[in-house]
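Let's take a walk through this structure together. Have the sequence and the model open side by side as you read.

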Amino acid sequence: MTRRASREIRLGKSTIGGGRPPLIQTMITTPLTRPDEAFAEADRGLALGCRIVRTAVRSEAEIAGLTELAKRFGGDLIADIHFDHRLALAAIGCGIAGVRFNPGNIGGKDRVAQIVEAARTRPDLALRIGVNAGSLEKDILEKHGGPTAAALVESTRRWVEYLERDLKYLNFKLSVKSHAVPETVEACRALAAFTDAPFHVGITEAGGGIGGRIRSAAGIAILLHEGLVDTFRVSLTAPIEDEIVTGMHILKAYGLLDGGGEIVSCPTCGRTHGTLFAYHDKLEKFFDEHRWWLRPRLTVALMGCEVNGPGEAKEADLGIALGHGSALYFEKGSLVRKFDDQDAAFAHLLRRIGEIWQLSPVKGE
Ligand code: SF4
């Protein structure tokens with residue numbers, strides 16, 4: 001894995017880029033006309049470890065709600081603006097950490113310049129230039145015959161040059177998103193060749209369920225591998241909790257999460273003794289209930305047989321391997337105890353995880 005040398009920018013209390021680990025971002029869905037509920041949703045994200053939260057600002061009527069949310073929220077709040085540059089100008093005065101807008105639909109260079117001038121008055125506020133396939137300029141769409149990767153890059157480059165060269169403004173990050181993984185990856189690679197602005201990445205309109213998670217992970221993992229991620233969002237047709245936890249899974253799989261639990265379990269085969277699928281589901285539920293990504297590093301193994309299991313899971317911190325109506329409990333690859341009852345072995349495993357993570361007492365044997 002490489003890390004792109006993106007430039008550092010300020011986003012409220014966060015610093016982004018400059019080789020720092022990627023940060024997860026999400027977007028709340030509660031309208032700002034219901035500020036108490038919007039705060040509760042944003043605060044749930046913060047409690048899950050996601051400190052950058054975006055919210056849609058649809059009209060002047062929502063500026064009061066944005067101001068209230070910015071005052072109460074302990075993370076970094078980004079206002080998402082479309083079409084009306086005056087909303088961006090008003091939002092910048094609300095104490096938020098960032099403004100995301102799409103220059104393709106904000107009404108031209110003069111209006112973009114007005115947003116940049118307002119942003120200069122707040123050195124801790126970042127702009128995000130968000131270009132996506134659904135809102136490219138007409139001339140670019142005609143030239144490229146559609147929203148191709150090359151079209152995304154040309155549109156973004158146009159605006160990057162305007163901000164960096166003409167307006168001499170650098171405290172912004174970029175996003176180019178498409179529903180297609182290859183196009184998104186190709187566009188990010190091309191952009192990295194001519195700017196050091198930090199990147200916010202994701203696969204837009206990825207869907208929900210397992211398909212959305214896999215599509216997002218496929219794209220984000222490639223970009224992580226190439227060091228092209230400064231912040232990212234797993235955009236799902238699902239509650240913010242699902243976006244954040246999926247993001248944590250991606251960081252964990254990529255070795256970019258400080259600490260956190262991890263399950264190692266075998267795929268099972270003809271040698272499997274007992275119901276490993278059921279133990280896996282229970283362990284995964286236990287992990288999620290206790291927010292595994294916020295806990296100290298711990299690798300837990302579930303193996304289907306006692307012949308190959310302990311050996312195959314020797315890197316795990318602790319685990320069980322099923323036998324004929326029995327189970328071996330091991331820690332750091334060494335056998336600690338043999339159980340004549342598999343449920344008892346599993347209960348012991350949960351109790352040990354609870355001790356290590358210092359959870360309130362977990363039901364034991
Ligand atoms: S650990 Fe045992 S049960 Fe699991 S896949 Fe390997 S051989 Fe099969």
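The paragraphs below go from the sheet to two loops and then to the ligand.

Keep in mind that this is a predicted model. A good place to begin is the open sheet, which has eight strands in the order 8-7-6-5-4-3-10-9 with parallel pairing. Its edges are strand 8 (172-177) and strand 9, each of which pairs on one side only. In general, strands of a sheet pair through backbone hydrogen bonds, either parallel or antiparallel. For an example within this sheet, look at strand 3 (residues 23-27) and strand 4 (residues 52-56), which pair in the parallel sense over three bridges. Here Gln25 stands opposite Ile52 in strand 4.

Now turn to helix 6 (residues 149-166), which lies across strand 7 (126-132) and strand 8. Helix 6 runs at about 170 degrees to strand 8.

Next come two loop residues with backbone angles to look at. Phe83 has a phi near 75 degrees, a positive value in a residue other than glycine. You will find Phe83 in the loop between strand 5 (76-81) and helix 3 (85-92). Is Phe83 buried or exposed? Phe83 is exposed, because its relative accessible area of 60% is over the 50% cut-off. Glu205 is not a glycine either, and its phi is positive at about 50 degrees. Glu205 sits in the loop between strand 9 (200-201) and helix 8 (209-225), and with a relative accessible area of 62% it is exposed.

Finally, which residues surround the ligand? Among them are Cys266, Thr268, Arg271, Asn308 and Glu312. The shell around the ligand divides into three nonpolar, five polar and two charged residues.

Note on methods
Residues are numbered from 1 along each chain as its sequence is written. This is a predicted model: local features need pLDDT of at least 70, side-chain atom pairs count only at pLDDT 80 or more; totals for chains, interfaces and linings use all residues. Side-chain values use heavy atoms; hydrogens and water are left out. A residue is near a molecule or strand if one of its heavy atoms lies within 4 Å of it. Ala, Val, Leu, Ile, Met, Phe, Trp, Tyr, Cys and Pro count as nonpolar, Asp, Glu, Lys and Arg as charged, and the others, Gly among them, as polar. Helices (H or I, at least four residues) and strands (E, at least two) are DSSP runs, numbered from the N terminus. Buried means under 20% relative accessible area, exposed over 50%, partly exposed in between (1.4 Å probe, protein chains only). Two strands pair if DSSP finds at least two bridges between them. Contact means heavy atoms within 4.5 Å. Axes are lines fitted to C-alpha atoms, for helices over the stretch in contact, and angles run from 0 to 180 degrees between N-to-C directions.
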